[in-house]
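Trainee: I should like to work through the overall dimensions and burial of this chain. May we begin?

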Amino acid sequence: MNTCSPSARRTSVIGLALAACLGTAAATPTGTAAAVGAGPKPGSEAGPGLDRYYDQHLLWGSCAEKPDDTMGRDLDKAGVQCADVVVPLDYTAPGGRTITVAISRLKATDTRHRIGSILLNNGGPGGTALQSPPEFHTWVKKAGPRYDIVGFDPRFVGRSTPLDCGWPVGTNLFSAGLGRSGFERQVALQKDLAAKCRATNAAVLPHVSTRNTARDMDVIRGALGEKRISYFGYSYGTYLGTVYTQMFPGSTDRMVLDGAIDPRKFGPRLLQEAVGENERALADWATWAAARDETYGLGRTRAQVLATVDRIIRASARAPLTVGTAPETFQLDDTQVPFILLSGVDSDTDVSRATLGEQVSVLNKAAAGQPAKLSPSFAGLLRFAMTGEQSRTGSVQSAIICGDRAAPRNPETYWRDIERSRAAYPRFGALTKNIGPCAFWDRPREEPTQVKHDANPLIVSATGDPRTPHKGAVALHDLLPSSKLLTLKGANRHAIYGLYENDCVDSEVNHYLSTGKLPADDRVCSK
């Protein structure tokens, strides 16, 4: 789970374009049959009555929806085309209401040596990938021209049929704060977030799930005319890819899972699996910041910098900090400050660490009663977290997570876990173990997917990953005996390939995507 998709890490917040509203008339798949063998495979969990979806004719065209659609224009310039895939809202009632899934495609130019289509997912859940084919084409180097590179916005994400609960915030990832009063405020907030989703989207919430997204992926495969499809997933996308291999065995070609999740752990409380990694990543950042005290003024040792962080949190618990200067200011309390820290420790590059250094410096001044001007990136992060500007992001992320696995209902369960975590995890225990909207959600319609079939993905993981910890990648590797594990040693980084610019990792992944041959043994790369 990540606070923004990997392709958005160079900016603070990803903007999701609005698509047609859910209340529009249902579309009907029409057109010519897809290629022979593109339908669901025997033994899959596709269900009956889906031929018209698998056989639909895709109408490829411009990605620009209107003149000021910068992303669409950029995709058009890169030679990418876009289309909508029609899928059933409810796969148990394929003759009923339909929704659309937005996809983009950069077609292979080396048609003599074409490998096939590769489908991209940037994680989240709720991350868009419509924009990703040109960048991925660059990363994959010599193999790029041999693939049809396909990005997609999963159901209810981005330009697909939208879901927006009208939240006053863009995320539910807040801390319980330092005391019971903060936790009680969180209980009220998270209950209200769930109520808003139920009030606005009750008819679709039962159908927002990873299993239904996997079913959509197989319809995409069929509509593209592929007997098997390759796949690259980051973060949550690794869980989605794993689920797809279990529901549609034999339907994948080459698969890379970067930032892998133990599928048995995915759900509302996944982030607590990484609480130790986040504390260590923050401590490592503190060492980095201490060596630059003249720039950030946070302390000359790791201990001093962490003491400054703790002092900021305590000050925000006494009274909300006024962050920023007119005309854009925000009030941050001890339930919100830890989110800023969490957002800043997902990578150990100098650029990422400098961004967090600047943000904590601003918070430190605010704690001293000296509001400072916000950088555009910090202002964007605060607007994302604390206003309804990105309500869709938080709405759909929670809908997917809550639709996959039930959460404990009793608030006291969370409070006990929070209290037990404080000594060992003073900054992130109360965040990763906090209550969320899933505690107030209706139970999922389906049980979580169990791994019963072997598969052979290349699993990529950093030993210090603060979002999906390395132990999850090891567990997934154990569940899939034919897989291979590519480990980046010594990096506090979530999502590696192409983004972290590690030559060893990139070369191993590219060799596999080019040849289809997994390494003979598990591999280890150095930072």
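Mentor: The radius of gyration is taken over C-alpha atoms, and the globule rule is 2.2 Å times the number of residues to the power 0.38. This is a predicted model, in which local features need pLDDT of at least 70 and side-chain atom pairs count only at pLDDT 80 or more, while totals for chains, interfaces and linings use all residues. Residues are numbered from 1 along each chain as its sequence is written, and side-chain values use heavy atoms, without hydrogens and water.

Trainee: What radius of gyration does the chain have?

Mentor: For 527 residues, a compact globule would have a value near 24 Å. The chain agrees with that expectation, because its radius of gyration is 22 Å.

Trainee: What percentage of the residues is buried?

Mentor: Buried means under 20% relative accessible area, with a 1.4 Å probe and protein chains only. Of the 527 residues in the chain, the buried share is 60%.

Trainee: How many residues of helix 7 are buried?

Mentor: Helices are DSSP runs of H or I with at least four residues, numbered from the N terminus. Helix 7 covers residues 275-290. This helix is largely enclosed by the rest of the structure, because the buried residues among its 16 number 13.

Trainee: How far apart are the end C-alpha atoms of helix 9?

Mentor: The expected span of a helix is 1.5 Å times one less than its number of residues. For the 17 residues of helix 9 (residues 302-318) this gives 24 Å, and the model agrees, with a separation of 25 Å.

Methods: Buried means under 20% relative accessible area, exposed over 50%, partly exposed in between (1.4 Å probe, protein chains only). Helices (H or I, at least four residues) and strands (E, at least two) are DSSP runs, numbered from the N terminus.
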